[in-house]
Amino acid sequence: MRFAEPYKIKMVEPIRLIPRAEREARIREAGYNVFGLRSRDVFVDLLTDSGTGAMSEEQWAGLMRGDEAYAGSDSFYRLKETVESITGYSWVIPTHQGRGAEQCIMPQIVTRPGMYVLGNMHFDTTRAHIQLAGGRPVDLVIAEASDTETYHPFKGNIDLQRLRAFIVEHGPENIGAIIMTVTCNSAGGQPVSMANIRAASAIAREFGITFLFDTARYAENCYFIRQREAGYENAEPIAIAREMFSYGDGLMMSAKKDALVNIGGLLAFKHEELYRAAAGLVVPFEGFLTYGGLAGRDVEAMAVGLLEALEVDYLAARIGQVAYLGEQLHEAGIPIQLPVGGHAVFVDAAKFLPQIPADQFPGHALAVELYIEGGVRGVEVGSLMMGRDPETGLQLPSEFEFLRLAVPRRTYTNNHMDVVVDALKAVWERRHAVRGIRFVQEPKVLRHFTARFDWADVPAVR
Ligand code: F0G
């Protein structure tokens, strides 16, 4: 039998496909930057799966139940009990979103300038907070991750040999922590296996290094373990989660993904020591420890969403929809990261547009063309996002040139996915004529959000 979503729609939000000539005008006005578009001018918005999903009726009811007490809110205690039941960690702090959690934990890990923070592949805000704390982020994802055509069930795995070698070479006293990002967003929403987590955790223990999780999409990771790792076929996702977290010392989370809320984040620790350390920064930056920059109602919705995201039927529909999008693109001959990840399809723009060099941003050119073609908004993950070396000013090399099509949770139907496929196929048909992109205005920091561009073959002065 084919799958169907385990829910029906109670409220709808109108969207509209504006005419092509208008799309061309809107993207030009936006300086050829998809972040500059107004959402009303976007038909299917696959910019991110972060905070863009639909809440359930239970979550909306939770908003009414939310306890707005400044300290000791009931909603906080519901969240704490839920997090404990999933992770086994009893030291829980809500934060306003993932990067709020990161800014409070990084200075506790990077206790001396120059310390390394190792991981499979850090997300860009995580990387930024490691650097802001004076540390050096290091990505040690397996080599298979950068080969989009090779099938590997767990492309988010950390390379255990390189991990051990790095620790031995640089000394465990110079390693602040090991962070496992589940799923590994930057490599294409690729999962990490339980065996890999267990082995990496054992290495951390052996050398006395703190082992943390970045759990933005941990429920999706648990589902992949159930699907692809021997011995977990019949395990409940929550049981898989409990085992996974038993290998760590704590977690930081963007709740805007697998807690199914529009805003929120989380810190949780196995031991009091890290909790106390982080708490010292949570109060001045985020707010008191039982609300962390959120309204009580947001904390309540998070407690409900954390459990909903672990339901097997939900996960099957969620992962199934992303796979549905990916399979159709693959069948059309469009190069994508295989196998398809949890939250997004990553189109291999370097292969799609081989005529465009990395410094003319093939992933970004493809994002602009896809918007013009079908009103669909995706985002580049490649050289443009990677940016320049802050010391030399040179473009940093990027392992990938991706166009990411991130699917919001419980938001679009498969008809919307079909529209995305048709639009991308139309660009594929005329791919040889697609041009590169150049900067008109390039900000120094996090340039991809606010830069302005033009087509590379359009002269600077016209
Ligand atoms: N960690 C991972 C793995 C993420 O994907 C994100 C956000 C964060 C941390 C930061 O969390 O946004 O709540 O502050 N990823 C979003 C994305 C923005 O589009 O992939 P945040």
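The accessible surface of the protein comes to about 19300 Å², and carbon and sulfur atoms contribute 53% of that area. The model described here is predicted.

From the surface, one may turn to the overall form. Measured out along its principal axes, the C-alpha trace spans about 60 × 55 × 45 Å. The radius of gyration is 22 Å, which agrees with a compact globule, because such a globule of 462 residues would have a value near 23 Å. Of the 462 residues, 56% count as buried, where buried means under 20% relative accessible area.

The chain is built from 17 helices and 14 strands. How do its parts meet? Among the contacts with a separation of 6 or more, 72% join residues that lie 24 or more positions apart.

The charges may be considered next. The protein carries 47 positive and 58 negative charges. The mean position of the positive charges and that of the negative charges are 4 Å apart.

One helix serves as an example of these elements. Helix α11 consists of 13 residues, running from 296 to 308. From its first C-alpha to its last, α11 reaches 19 Å, close to the 18 Å expected at 1.5 Å a residue. Is helix α11 mostly covered or mostly exposed? It is mostly covered, as ten of its 13 residues are buried. The buried residues of α11 include G296 near its start and E308 at its end; also buried are V299, E300, A301, M302, A303, V304, G305 and L306.

Terms used:
Residues numbered from 1 in each chain as written. Predicted model: local features only at pLDDT ≥ 70, side-chain atom pairs only at ≥ 80, totals over all residues. Heavy atoms only, no water. Helix = DSSP H or I, 4+ residues; strand = E, 2+ residues; numbered from the N terminus. Rg over C-alpha atoms; globule rule 2.2 N^0.38 Å. Buried < 20%, exposed > 50% of the residue type's maximum accessible area, 1.4 Å probe, protein only. Contact = heavy atoms within 4.5 Å. Areas by Shrake-Rupley, 256 points an atom, 1.4 Å probe, with all protein chains shown as cover. Lys, Arg positive; Asp, Glu negative; His and termini not counted. Charge placed at Lys NZ, Arg CZ, Asp CG, Glu CD. Expected span 1.5 Å × (residues − 1).
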